[in-house]
2 protein chains.
Amino acid sequence: MAGKNLVGPETDALDLGAVFRALADEHRRSVMTQLAADHSDNERGCNSFDLPISKQTQTHHFRVLREAGLIDEIDYGNRKGIRLRRADIEKRFPGLLALLGAEPAGDTAPR
Amino acid sequence: MAGKNLVGPETDALDLGAVFRALADEHRRSVMTQLAADHSDNERGCNSFDLPISKQTQTHHFRVLREAGLIDEIDYGNRKGIRLRRADIEKRFPGLLALLGAEPAGDTAPR
DNA sequence: ACCGAGGTACGAAATTTTTCGTACCTCAGT
DNA sequence: ACTGAGGTACGAAAAATTTCGTACCTCGGT
């Protein structure tokens, strides 16, 4: 049973402003740092990030990341998969993921 | 008469979070885009960016950029010089300025 | 058919950020 | 010594963002 891929911007439509705004938040950056660090790029459950925030807030943050074009969210109805849009990001903003990858993953303290 | 260089973080202390937060704002990103585009790296007056905002607000934005470690502000008493910390940024966050440089300079609309 | 885990929608509170008004400072030029 | 341009300090309004409470939906397992 395939999930529906929730819609984000096309690769060419990725906006640097939206990306920086998305990465400005510690929790979202933590997610992205972890994704960037895992080079296998497997789809992950969104509980695998253990964010110290409520699930409603997590919904919000993942939405922001998706709308910035940084991740895909795959909707399975009662759970959700997260996948880094590595190729798209690398194409449009080469080097960006390397900056995140250079950070200690899972180590960003909430502000 | 030499100006005083207002203090920002050391190169090694540059924080990716602070940098992304600084670059999340359209006006600040416009400044950075223009600085990144001009590879001569001459010191610039802070009126050379024509930002469509009051001077108090400009003071605020330049302070944020300086505190993020992205620019130096040189205080001449009754005017101020701005200089991109290109080498420091390039050392700590290689590729970041290239991302900004790829943007159309002076073309970022206020949100 | 029900339950529970995982997730979302909506709305509101709390917090942060952006913006500017008023007042004041500094220096160059007259 | 006065003036004007450029800049800052402080404080408050306005806007945006982060957070969560309540209520509801979806699916898998029993």
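This report covers the chain pairing, the DNA-facing surfaces and one helix packing in a predicted model.

Local features rest on pLDDT of at least 70 and side-chain atom pairs on pLDDT 80 or more, while totals for chains, interfaces and linings use all residues. Residues are numbered from 1 along each chain as its sequence is written, and chains are lettered from A and ligands numbered from 1 in the order in which they are written.

**Two copies**

Two copies of a chain are related by a rotation about an axis and a shift along it. Here a rotation of 180 degrees with 0.0 Å of shift along its axis places chain B on chain A, at an RMSD of 0.0 Å. That is the relation of a two-fold axis. The superposition is by least squares on the C-alpha atoms of residues with pLDDT of at least 70 in both copies.

**The chain interface**

In the interface, 14 residues of chain B are in contact with 14 residues of chain A. Contact means that C-beta atoms, placed from the backbone, lie within 7 Å. On the chain B side, α1 (16–23), α2 and α5 (96–101) each give two or more residues. Helices (H or I, at least four residues) and strands (E, at least two) are DSSP runs, numbered from the N terminus. The largest share, five residues, comes from α1(B). By class, this side of chain B has eight nonpolar, two polar and four charged residues. Ala, Val, Leu, Ile, Met, Phe, Trp, Tyr, Cys and Pro count as nonpolar, Asp, Glu, Lys and Arg as charged, and the others, Gly among them, as polar. The copies meet through the same surface, because 100% of the interface residues of chain B are also interface residues in chain A.

**The DNA strands**

A residue is near a strand if its C-beta atom, placed from the backbone, lies within 6 Å of it. The table sets out the surroundings of the two strands.

| DNA strand | Residues around it | Closest residues | Largest share |
|---|---|---|---|
| C | 22 residues | Thr59(A), Asp25(B), Ser54(B), Gly77(B), Asn78(B) | α3(B), four residues |
| D | 22 residues | Asp25(A), Ser54(A), Gly77(A), Asn78(A), Thr59(B) | α3(A), four residues |

Both chains take part. α3 (55–67) of chain A and α3 (55–67) of chain B each supply at least two residues of the surface near strand C. For strand D, α3 of chain A and α3 of chain B again supply at least two residues each. The surface near strand C has five nonpolar, 12 polar and five charged residues. The surface near strand D has five nonpolar, 12 polar and five charged residues.

**α2 against α3**

In chain A, the axes of α2 (residues 26–37) and α3 come within 10 Å and cross at roughly 65 degrees. Axes are lines fitted to C-alpha atoms, for helices over the stretch in contact, and angles run from 0 to 180 degrees between N-to-C directions. His27(A), Arg28(A) and Val31(A) of α2(A) meet His61(A), Val64(A) and Leu65(A) of α3(A). These residues divide into three nonpolar, two polar and one charged.

In chain B, α2 (residues 26–37) packs on α3(B) at about 65 degrees, with the axes 10 Å apart. His27(B), Arg28(B) and Val31(B) face His61(B), Val64(B) and Leu65(B) in this contact.

**Record**

UniProt, in an unreviewed entry, places "domain: HTH arsR-type" at residues 8–104 of chain A. UniProt positions follow the numbering used here, feature names are shortened, and annotations may be inferred rather than shown by experiment. In the model, this span is 47% helix and 12% strand, and its end C-alpha atoms lie 27 Å apart.

Definitions and conventions. Two residues are in contact if their C-beta atoms, placed from the backbone, lie within 7 Å.
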